[in-house]
Amino acid sequence: MTRFFKTSLKKRTNYIYFHADGTKTVIETNGDTEVFIELLHDEDDEAVNKYRHYEYYVTQSLDQTVNNDNGKDISLGDVVTDDALTPLEELLAWESTKEQEQLISKLRMAMTELTPLQQDTLKLFFFDGMTKVAIADLQGKSETAVRKCINGAIESLKKKLI
């Protein structure tokens with residue numbers, strides 16, 4: 001909700017609706033729209049009342065501190081905070097995990113199809129964090145050769161994964 005105040009009774013002759021894209025629609029009063037405009041303002045008033053209630057009672061209550069069994073002051077907000085995932089979040093996390101497992105499995109299969117030099121070079125670069133210059137010194141090759149090896153391996157993996 002973006003409104004924090006109620007529209008005054010004098011200004012309730014029309015209703016302005018703001019769309020998500022920033023445009024607005026003005027509903028003017030005529031014989032047919034008066035009841036509709038009144039209902040829209042009533043719903044806005046209800047939303048503002050709920051917002052005010054939440055801001056006053058709930059946040060004030062959550063800011064209070066109480067003594068726990070150990071004699072220490074703790075915030076009520078810390079006590080009632082629910083860190084558990086919602087069912088939708090759990091489902092999305094589960095699906096995300098499954099997708100990641102499938103992608104990792106595909107990546108492992110694709111990695112086995114690379115040449116041993118490409119496999120070693122990627123391991124040194126991505127997993128061991130070595131620079132291309134350090135890999136070139138270790139392998140006795142030029143930095144350009146290492147760069148081409150890494151880029152070729154990545155392109156090969158892209159083709160196999162997509």
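At what angle do helix H5 and H6 pack, and how far apart are their axes? Here are my notes, with that pair taken up in point 3.

1. First, a word on what you're looking at: this is a predicted model. The protein has six helices and four strands. Reading from the N terminus, the order of elements is β-β-α-β-β-α-α-α-α-α, so keep that string handy as you trace the chain, since strands and helices are numbered from the N terminus.

2. Some overall figures. Of the 162 residues in the protein, 15% are buried. The accessible surface adds up to about 12,900 Å², and carbon and sulfur atoms account for 56% of that. As for contacts between residues at least 6 apart in sequence, 42% of them link residues at least 24 apart.

3. Back to the opening question. Two packed helices are described by the angle between their axes and the distance between the axes. For H5 (residues 132–139) and H6, the angle is about 105 degrees and the axes are 8 Å apart. That makes the two helices roughly perpendicular, because angles from 65 to 115 degrees fall in that class.

4. Who does the touching there? On the H5 side you'll find Lys132, Val133, Ile135, Ala136 and Gln139, and they meet Glu143, Val146, Arg147 and Ile150 of H6. Sorted by class, this contact has five nonpolar, one polar and three charged residues.

5. Now have a look at threonine 121, which sits in helix H4 (residues 116–127). Is this residue buried or exposed? Threonine 121 has a relative accessibility of 1%, so it counts as buried; the cut-off for that label is under 20%. Leaving aside residues up to four places away in sequence, threonine 121 touches Ile135, Gln139, Val146, Cys149 and Ile150. Some of these names are familiar from point 4: Ile135 and Gln139 are among the H5 residues in the contact with H6, and Val146 and Ile150 are among those from H6.

6. On to the charged pairs. How many salt bridges are there? The count is five, and I'll go through some of them. One joins the side chains of glutamate 143 and arginine 147, at 3.9 Å from N to O. Both residues belong to helix H6 (residues 143–161), and because they are four residues apart, about one helical turn separates them. Glutamate 143 is partly exposed at 33% relative accessibility, and arginine 147 is partly exposed too, at 32%. Both also turn up in the H5 contact, as Glu143 and Arg147.

7. Helix H6 also holds the pair glutamate 155 and lysine 158, which are three residues apart, about one turn of the helix. Their side chains form a salt bridge with an N to O distance of 3.5 Å. Glutamate 155 comes out at 40% relative accessibility, which puts it in the partly exposed group. Lysine 158, at 43%, is partly exposed as well.

8. Another salt bridge to look up is between lysine 123 and aspartate 128, whose side chains come to 3.2 Å, N to O. Is either end tucked away or out in the open? Lysine 123 is partly exposed, with a relative accessibility of 43%, and aspartate 128 is partly exposed with 42%. The label fits because partly exposed covers values between the buried limit of 20% and the exposed limit of 50%.

Definitions and conventions:
Residues are numbered from 1 along each chain as its sequence is written. This is a predicted model: local features need pLDDT of at least 70, side-chain atom pairs count only at pLDDT 80 or more; totals for chains, interfaces and linings use all residues. Side-chain values use heavy atoms; hydrogens and water are left out. A salt bridge is a side-chain nitrogen of Lys or Arg within 4 Å of a carboxyl oxygen of Asp or Glu. Buried means under 20% relative accessible area, exposed over 50%, partly exposed in between (1.4 Å probe, protein chains only). Contact means heavy atoms within 4.5 Å. Accessible areas come from the Shrake-Rupley method with a 1.4 Å probe; for residues, only the protein chains shown count as cover. Axes are lines fitted to C-alpha atoms, for helices over the stretch in contact, and angles run from 0 to 180 degrees between N-to-C directions. Angles under 35 degrees count as roughly parallel, over 145 as roughly antiparallel, 65 to 115 as roughly perpendicular and the rest as oblique. Ala, Val, Leu, Ile, Met, Phe, Trp, Tyr, Cys and Pro count as nonpolar, Asp, Glu, Lys and Arg as charged, and the others, Gly among them, as polar.
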